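Please take a moment with the sequence and the model shown below, and keep both in view while reading. The paragraphs that follow move from one strand to its neighbours, then to the whole sheet, and finally to the ligand.

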Amino acid sequence: MKVGVYPGSFDPITFGHLDIIKRAEKLFDEIIVLVADSGKKKHLFSLKERKEMLEEVFKNKKNIKVEILHGLLAEYMKEKELVFVVRGLRAISDFEFEFQHSTINKELNKEMETVFFMTEPKYFYLNSSIIKEIVGLKGSVREFLPELVEEKLKEKLKP
Ligand code: ADP
């Protein structure tokens, strides 16, 4: 069975992330969506909230599992004996960051391979931060993320 691990903050998940998962499903039998706490970023939703939200989004998908990443991705992959990491590429701005990370990961764990998928052009500029900004300013984000996520976001950002 081919397993792909898709790590990210998912704070919150958007149609950009879902588009990458949809593409990865063509290549992998199972996808583990791995919710990570990046030390640098300040998150709006807690790890637990993000995990629960993702579980709700994927509740009807048997091939998608949600897990939390504690520590290094390279170690997680080694421990679980998994090889493939899935990442998404947006406009060129992602390239340098992703290039650095996949190169470092390869140093830390020689078995790891990172697979990149390009998103739909309409999601090229979509990220979780811009979504939070729009909702914070009471704008509509209906076309960018699942309804249940939008509701949770509105609730969270309620003054
Ligand atoms: P991270 O904090 O690791 O950047 P994100 O949740 O922001 O986590 O993103 C996880 C992965 O999903 C990254 O590879 C990112 O490039 C990709 N991604 C996020 N939004 C989009 C999008 N709109 N289109 C394509 N890929 C995306």
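In this predicted model, a convenient place to begin is strand S4, which spans residues 84–89 and is mostly covered, with five of its six residues counted as buried, that is, under 20% relative accessible area. On one hand S4 pairs with strand S1, residues 3–8, in the parallel sense over two bridges, and within this pairing Val-5 has Val-85 as its bridge partner in S4. On the other hand S4 pairs with strand S5, residues 113–118, again in the parallel sense, here over six bridges, and the bridge partner of Val-85 in S5 is Thr-114. Between S4 and S5 the chain passes through helix H4, residues 93–108, and the β-α-β crossover made in this way is right-handed.

Strand S1 has a further partner to consider. It pairs with strand S2, residues 30–36, in the parallel sense over six bridges, and in this pairing Tyr-6 stands opposite Val-33 of S2.

How are the strands ordered in the open sheet? The sheet has five strands in the order S3-S2-S1-S4-S5, with parallel pairing. Strand S3 (64–69) and S5 stand at the edges with a single partner strand each, and therefore one side of each has no neighbour in the sheet. Neighbouring strands of this sheet are turned against each other by 30° on average, if direction is ignored.

With the sheet in place, the reader can turn to the ligand. There are 17 residues around the ligand, and those that come nearest are Tyr-6, Ser-9, Lys-41, Gly-88 and Tyr-123. Tyr-6, already met opposite Val-33 in S2, has a polar side-chain atom that lies 2.6 Å from an oxygen atom of the ligand. Nitrogen of the ligand also takes part in such approaches: a nitrogen atom is 3.1 Å from an N or O atom in the side chain of Arg-90, and a ligand nitrogen atom is 2.9 Å from a polar atom of Tyr-123, in this case one belonging to the backbone. How much of the ligand's area does the protein bury? Taken alone, the ligand exposes 540 Å², and the protein buries 92% of that area.

Note on methods:
Residues numbered from 1 in each chain as written. Predicted model: local features only at pLDDT ≥ 70, side-chain atom pairs only at ≥ 80, totals over all residues. Heavy atoms only, no water. Buried < 20%, exposed > 50% of the residue type's maximum accessible area, 1.4 Å probe, protein only. Helix = DSSP H or I, 4+ residues; strand = E, 2+ residues; numbered from the N terminus. Pairing = 2+ DSSP bridges. Right-handed = clockwise from strand over helix to strand, strands pointing away. Near = heavy atom within 4 Å. Polar contact = N/O pair within 3.5 Å; in protein donor to acceptor, adjacent residues only side chain to side chain. Areas by Shrake-Rupley, 256 points an atom, 1.4 Å probe, with all protein chains shown as cover. Axes fitted to C-alpha atoms, helices over the stretch in contact; angles between N-to-C directions.
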